[in-house]
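Open the structure in your viewer and keep the selection tool at hand. The stops below go one after another, each with something to select.

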Amino acid sequence: MHSFRYLEGRLHVENVDLESLAEKYGTPLYVYSQGTIEDHFKRLDAGVAKLDHLICYAVKANSNLAVLQTIARMGGGFDIVSGGELFRVLKAGGRAANCTFAGVGKTRDEIEFALKEGIYCFNAESEAELRYINQVAGELGRKAPVALRVNPNVDAKTHAKITTGKSENKFGIDFDRVLEAYAAVANECPNLEIRGIQMHIGSQLTSVDPFVEAVKKVIPLVEQIKERHGIKFFSVGGGIGIVYKHMLDSGDATWWSQESAEKHPLTIQAYTDAIVPLLEPLRLRILMEPGRFMVGNAGTLLTRVLYEKKGNAKTFKIVDAGMNDLIRPTLYEGWHQIVPAQAPADNSTELADVVGPICETGDFLAQNRDLPPVKAGDLLAVMSAGAYGFTMASNYNTRPLPAEVMVHGSDAYLVRERQTLDDVVKGERLLP
Ligand SMILES: *Cc1c(COP(=O)(O)O)cnc(C)c1O
């Protein structure tokens, strides 16, 4: 679900008018719906209720402290990929004991930090990393809980840049080497405690089939490892895809409500219906690591049209948000619905590119898009920007990072101030 709709011709999130937020906090502006995040968490939690489970939200999708606080309050755990993300989780009121630590390149500082805080598990991605964690743990006089990430070599059928479960990807340990790697840990790494097994095959999966294929392929291995090493958990990773193309209810039928909504076979119900029966007989704690599913449709990026330029080949709507604010369109060919904050008077559309102010040809939010006739000064909402939006933003072109607002019912909270230019150059030094 998402909580964006038109009320009396103006786009709202929950009960808050987006134009009023743009006026108060400026643009570009990220706005999130807390109700949507809570709804997504509850629905997944209910879908796997039969399993002993822990939902470990993948922090990298959206790491704003208020988002993490929302998840922590609902009893969620976290999947982190850096010491920095652990720092955020702790600041937001989350517990290290509910965190798993993924990623192929953990450093000594990060391993020490996570060990001292008492992390639930290191999900290791190579034998070399396991040996290093063993060494660091030994030096600290501790035992490190570990799981191995298995690369099941299945095709997630998603964009190449967000596929992680094929042998040619850098992630995980090859399926046919995993047993050997567990044996090596058991025999040669006295400072490691084998606690689980993990996989994550990719992101934005739009069919349940690759999940089922991967789970079915890995289950016999999980059973063997449970028998030999007494593991406690199996993490099935994240990757649940979301709908990027919606029908927005506009009250008085305007143009975009006629646009057909994206056909999407992967509902949370389909996902849990398919995998829960496979996982139940394992009698293990099941971890899930959803990122995008939890926050993607909870967020929008508000941007104002600065100029319009009609060229020989194309019409460009130049807006005040760029690829530094939202990189998905240019990085992964991510498609975001773009709608005006003010419902247009009729159904007419115009073919245009929506581009930012950055000096890069790849700086666009949409290309060859049918938009209502928007003009300079109009406010646009770039939809489904809650995941991999702000977290991938940068200061490129010395543009301050945008502000972030969390909406709850009729209330709106500033959860991150807009950076100032002094913030941007903070830490830089002139030469003597
Ligand atoms: C990124 C990531 C996730 C989350 O993926 P989504 O597609 O956002 O659900 C989960 N687990 C690991 C190990 C990841 O790297």
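Which polar backbone atom is 2.9 Å from an oxygen atom of the ligand? Select Gly291 to find out: the backbone atom belongs to this residue, and the distance to the ligand oxygen is 2.9 Å. Bear in mind throughout that this is a predicted model.

**Stop 1: the ligand and its shell**

Stay with the ligand and show the residues around it. There are 15 of them, and the closest are Lys60, Ser203, Glu289, Arg292 and Tyr388. Sorted by class, this shell holds four nonpolar, six polar and five charged residues.

Next, select Lys60 and draw a distance to the ligand. A polar atom of the Lys60 side chain lies 2.8 Å from a ligand oxygen. Then do the same for Glu289, where a polar side-chain atom is 2.6 Å from a nitrogen atom of the ligand. On its own the ligand has 390 Å² of accessible area, and the protein covers 94% of it.

**Stop 2: the largest pocket**

Now turn on a surface for the protein. The ligand sits in the largest pocket, which has about 560 Å³ of space. Select the lining next: it consists of 31 residues, and those nearest the centre of the pocket are Lys60, Val81, Thr164, Phe171 and His200. Lys60 is thus among the residues closest to the ligand and also among those nearest the pocket centre. The lining divides into 10 nonpolar, 11 polar and 10 charged residues.

**Stop 3: the cavity**

Leave the ligand and look for enclosed space. How many cavities of 30 Å³ or more are there? The count is one, and the space in this largest cavity comes to about 30 Å³. To see what lines it, select Glu127, Leu130, Arg131, Ala181, Ala184, Val185 and Cys189. Two elements give two or more residues each to this lining: helix H6 (127-140) and helix H7 (178-188). By class, the cavity lining has five nonpolar and two charged residues, with no polar ones.

**Stop 4: two places in the backbone**

Finish with the backbone itself. Select Thr27 and Pro28, which are joined by a cis peptide bond with omega of about -5°. Pro28 is found in the loop between helix H1 (18-25) and strand E4 (29-33).

The last selection is Arg283. What is the sign of its phi, positive or negative? Phi of Arg283 is positive, at about 55°, although the residue is not a glycine. To place Arg283, follow the chain from helix H10 (268-279) to strand E13 (285-288): the residue lies in the loop between them.

Methods: Residues are numbered from 1 along each chain as its sequence is written. This is a predicted model: local features need pLDDT of at least 70, side-chain atom pairs count only at pLDDT 80 or more; totals for chains, interfaces and linings use all residues. Side-chain values use heavy atoms; hydrogens and water are left out. A residue is near a molecule or strand if one of its heavy atoms lies within 4 Å of it. A polar contact is a pair of N or O atoms within 3.5 Å; within protein, one must be able to donate a hydrogen and the other to accept it, and residues adjacent in sequence count only if both atoms are side-chain atoms. Accessible areas come from the Shrake-Rupley method with a 1.4 Å probe; for residues, only the protein chains shown count as cover. On a 1 Å grid over the protein atoms alone, a cavity is a set of points where a 1.4 Å probe fits but cannot get out, and a pocket is an open set with protein on both sides within 12 Å along at least five of seven lines; lining residues have an atom within 4 Å of a point. A molecule sits in a cavity or pocket if more than half of its atoms lie within 2 Å of its grid points. Ala, Val, Leu, Ile, Met, Phe, Trp, Tyr, Cys and Pro count as nonpolar, Asp, Glu, Lys and Arg as charged, and the others, Gly among them, as polar. Grid points are joined across faces, edges and corners, and a volume is the space filled by probe spheres set on the points. Helices (H or I, at least four residues) and strands (E, at least two) are DSSP runs, numbered from the N terminus.
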